[in-house]
Amino acid sequence: MGLSDFYNAGSLATQWGCSSYDVNPVTLQNRVLDFARSHGKPVMIAEASPQGYTTSGPSRSCIMRKGPQATTAAAVLSEWYAGYWSWIEQNRDVIRIASYINTDWDAQTQWQCADGAAAGGAGCGNGYWGDARIQANPAIRDAFLNELRKCVFVGGTAGDCPGGGTTPPTTPPTTPPTTPPGSGDYTQGVAAGSGGHDTVWFRPNGGTETFVAVHYALDGGGRLNYMATYDAAAGRWELPVTVPAGHTLTYFFDYQPSTQTYQNTTPVYTFTG
């Protein structure tokens, strides 16, 4: 799975400080990682860049309205780069590739933004981007290259990483992420059938879903991940499972209401055949 990483917890106040948003952009990034974990998929940071920062200045600005303010290389490293590196390391169980866009955005017509212009308007069609070249600032360049020498990356040797950067430090977690669903969003259960042939079901309350995924394990074994099928007659999403008598199924759901662009994750439930 792939995602973009232009913001992190340390830089969000600068980059989005002049605007508002309905969902924290970093929360959305983490939900992508959670979704990948729940499906056993590796992740590529397909593009990353310190949007709104200028390494050659150095300066920083809200990305939704250009207004660069002078800053220091140390501040840029602390606000954006430190968060970028730590986010990769903290999620090393699922992030396997990271790509950084090392470019002067201001030098390219498509990404230019006039002073004081608002994103999406005249003279600033794509928001404010700045200059992301690490070589434009010796302190940022050296810090960046030192990070690549860490053993979290393939070929790196610095630090304590058994196996180098070629293997993840831990296996993905077997419990779901903790993004809580909205109150009263759904009902769920397991419909018992004959001979242990049962059906896990999920019914939205007053809405529709883009998808429903079921993640389950029998007697604490390996987890299986399947997309549920919508049964229009029953008004619910269903997945057939086999739970022999006396055996225990643990399961949870990922689901995305059609009114939003991100998934919700339920608590873990249990069912004994």
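The following exchange between a biologist and a modeller concerns the predicted model shown above.

Biologist: Which conventions apply to this model?
Modeller: Residues are numbered from 1 along each chain as its sequence is written, and side-chain values use heavy atoms, with hydrogens and water left out. Because the model is predicted, local features need pLDDT of at least 70 and totals for chains, interfaces and linings use all residues, while side-chain atom pairs count only at pLDDT 80 or more.

Biologist: What is the order of the strands in the open sheet of 4 strands?
Modeller: Helices (H or I, at least four residues) and strands (E, at least two) are DSSP runs, numbered from the N terminus. Two strands pair if DSSP finds at least two bridges between them. The pairing in this open sheet is mixed, and the order is S5-S4-S3-S7.

Biologist: Why is one side of strand S5 and of strand S7 left without a neighbour in the sheet?
Modeller: In general, strands of a sheet pair through backbone hydrogen bonds, either parallel or antiparallel. S5 (69-70) and S7 (130-131) stand at the edges of the sheet, so each has a single partner strand.

Biologist: Which residue in S4 is the bridge partner of Thr 54?
Modeller: Strand S3 (residues 53-54) and strand S4 (residues 59-60) run antiparallel and are joined by 2 bridges. In S4, Thr 54 has as its bridge partner Ser 59.

Biologist: Which helix gives the largest share of the largest nonpolar core?
Modeller: A nonpolar core is a set of buried Ala, Val, Leu, Ile, Met, Phe, Trp, Tyr and Cys residues joined through side-chain atoms within 4.5 Å; buried means under 20% relative accessible area, exposed over 50%, and partly exposed in between (1.4 Å probe, protein chains only). The largest such core has 36 residues, and those with the most contacts inside it are Ile 45, Tyr 81, Tyr 84, Ile 95 and Tyr 100. Two or more residues each come from helix H2 (25-38), strand S2 (43-48), helix H3 (73-90) and helix H4 (138-148). The largest share, 9 residues, is given by H3.

Biologist: How many residues does the second, separate core have?
Modeller: Among its members are Tyr 186, Ala 228, Leu 239 and Val 241. The size of this second core is 18 residues.

Biologist: Is Gln 29 buried or exposed?
Modeller: Gln 29 lies in helix H2, and its side chain makes a polar contact of 3.1 Å with that of Asp 5. A polar contact is a pair of N or O atoms within 3.5 Å; within protein, one must be able to donate a hydrogen and the other to accept it, and residues adjacent in sequence count only if both atoms are side-chain atoms. Because its relative accessibility is 7%, Gln 29 counts as buried.

Biologist: Where does Cys 62, the disulfide partner of Cys 18, lie?
Modeller: A disulfide is a pair of cysteine sulfur atoms within 2.5 Å, and those of Cys 18 and Cys 62 are 2.0 Å apart. The pair links distant parts of the chain, 44 residues apart, with Cys 18 in the loop between helix H1 (12-15) and H2. Cys 62 lies in the loop between S4 and S5.

Biologist: What is the relative accessibility of Cys 124?
Modeller: Cys 124 is joined by a disulfide to Cys 113 (S to S 2.1 Å). Cys 113 counts as buried at 6% relative accessibility. Cys 124 also counts as buried, and its relative accessibility is 0%.
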